[in-house]
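Open your viewer and get comfortable. We will walk through this model one selection at a time, from the whole fold down to single residues.

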Amino acid sequence: MGWGSLLGTVGSTIVYPFQWVATRAGDAVRGFGAYFSDMDELRAENESLRAELESAQGALVDAEITRDESAWLYHYLSLKENHKDYGLCAATVIAFTTAQSESGGGEYLTEITVNRGTLHGVSEGMPVVTPLGLVGVVVEAEINHARIRTLLDTSVSVASVTTRAAQNGLCEGDHALIHGGQARLRYLPEEADMAVGDIVVTSGRGSVYPYGIPVGRVVEVNANAYSRTTEATVQPFVDMKDLTDVMILTSFYHYVDGFGTEEEAS
């Protein structure tokens with residue numbers, strides 16, 4: 001072997017490790033570059049998926065809102081169709097006063113504020129309802145809002161009658177029942193024909209409420225030994241823990257116990 005060949009072999013042997021390191025370094029750089037490129041692609045893909053998810057969630061919320069609004073509109077129109085004499089003003093609850101439920105399962109609304117007022121034809125003394133029945137009465141009306149006391153408030157008294165036996169009394173808020181979301185039907189005759197399950201509606205007596213608004217169902221009947229009358233505990237049809245939208249009766253024809261001359265009340 002000549003010196004040229006020997007030197008070539010030695011040179012190759014010496015240079016090889018450096019070539020290997022350089023090659024590996026290049027591979028590492030290219031690998032890191034590919035890694036970061038893949039990360040960028042994954043990040044972009046995640047952003048795209050997140051945007052699609054948010055869009056789908058937004059569409060779902062919009063669909064639920066539309067469904068709820070459609071249901072409310074249906075009930076509104078149904079109430080208007082069934083009571084052609086009713087003047088109705090739809091309103092949304094914007095504030096409220098509550099009483100804690102005895103079970104700790106929420107708070108019952110004793111007073112609410114809605115986003116409709118005198119500018120919309122609302123005035124003090126107007127009944128307030130939902131498609132399920134009576135909520136309460138307007139106690140104060142300003143230009144663009146009104147305060148409403150619900151059936152559970154102890155200052156509210158509603159002339160009522162049972163549909164089965166036509167027993168008349170006053171349905172009122174009661175401190176002993178408010179935390180259970182119930183009201184009391186008072187001043188029934190001692191021998192009143194009352195039974196658990198009886199349905200109570202407004203009687204139309206007085207000038208505040210028209211006849212026939214569903215109030216609630218009797219869940220308990222008791223004799224009051226002091227006044228020698230019968231009293232009943234009433235579970236309102238309207239859930240006073242879940243009020244978001246109501247309807248204010250701005251006008252109606254006045255009937256008493258379902259009879260009598262039509263007299264417009266407003």
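Start with a cartoon of the protein chain, which shows one helix and 13 strands. This is a predicted model, so treat what you see as a computed picture. Now trace the chain from its N terminus: the order of elements is α-β-β-β-β-β-β-β-β-β-β-β-β-β, with the helix ahead of the strands.

Next, switch on a surface. The protein chain exposes about 15400 Å² of accessible surface, and carbon and sulfur atoms account for 56% of that. Of the 266 residues in the chain, 36% are buried. To see how the sequence folds back on itself, look at contacts between residues at least 6 apart in sequence: 56% of these join residues at least 24 apart.

Time to go inside. Select V114, L243, V246 and I248 and show their side chains. These are the residues with the most contacts inside the largest nonpolar core, a group of 47 residues. In soluble globular proteins, nonpolar side chains tend to be buried together.

Stay on I248 and bring up its surroundings. Which residues does I248 contact, leaving aside neighbours within four places in sequence? They are G87, L88, C89, A91, V114, V122, M126, P127, V128 and V138. V114, one of the core residues you have just selected, is on that list.

C89 is also among the contacts of I248, so click on C89 next: is this cysteine buried or exposed? C89 is buried, because its relative accessible area of 9% falls under the 20% cut-off. Then jump to C171, which is buried too, at 0% relative accessibility. While you have cysteines on screen, how many disulfides does the structure hold? The count is zero.

Now move to strand β2, residues 107–114, and pick out T113. With a relative accessible area of 16%, T113 is buried. Show what surrounds T113: beyond its neighbours within four places in sequence, T113 touches T92, V93, I94 and A95, and also H145, A146 and R147.

For the last stop, find β12 (245–253) and follow the chain into the loop that leads to β13 (264–265); H254 sits in that loop. Despite its place in a loop, H254 is buried, with a relative accessible area of 12%. Finally, select P210 together with H254 and draw a line between their C-alpha atoms: the two residues are 44 apart in sequence, and that line spans 5.4 Å.

Terms used:
Residues numbered from 1 in each chain as written. Predicted model: local features only at pLDDT ≥ 70, side-chain atom pairs only at ≥ 80, totals over all residues. Heavy atoms only, no water. Disulfide = S-S within 2.5 Å. Buried < 20%, exposed > 50% of the residue type's maximum accessible area, 1.4 Å probe, protein only. Core = buried A, V, L, I, M, F, W, Y, C linked by side-chain atoms within 4.5 Å. Contact = heavy atoms within 4.5 Å. Helix = DSSP H or I, 4+ residues; strand = E, 2+ residues; numbered from the N terminus. Areas by Shrake-Rupley, 256 points an atom, 1.4 Å probe, with all protein chains shown as cover.
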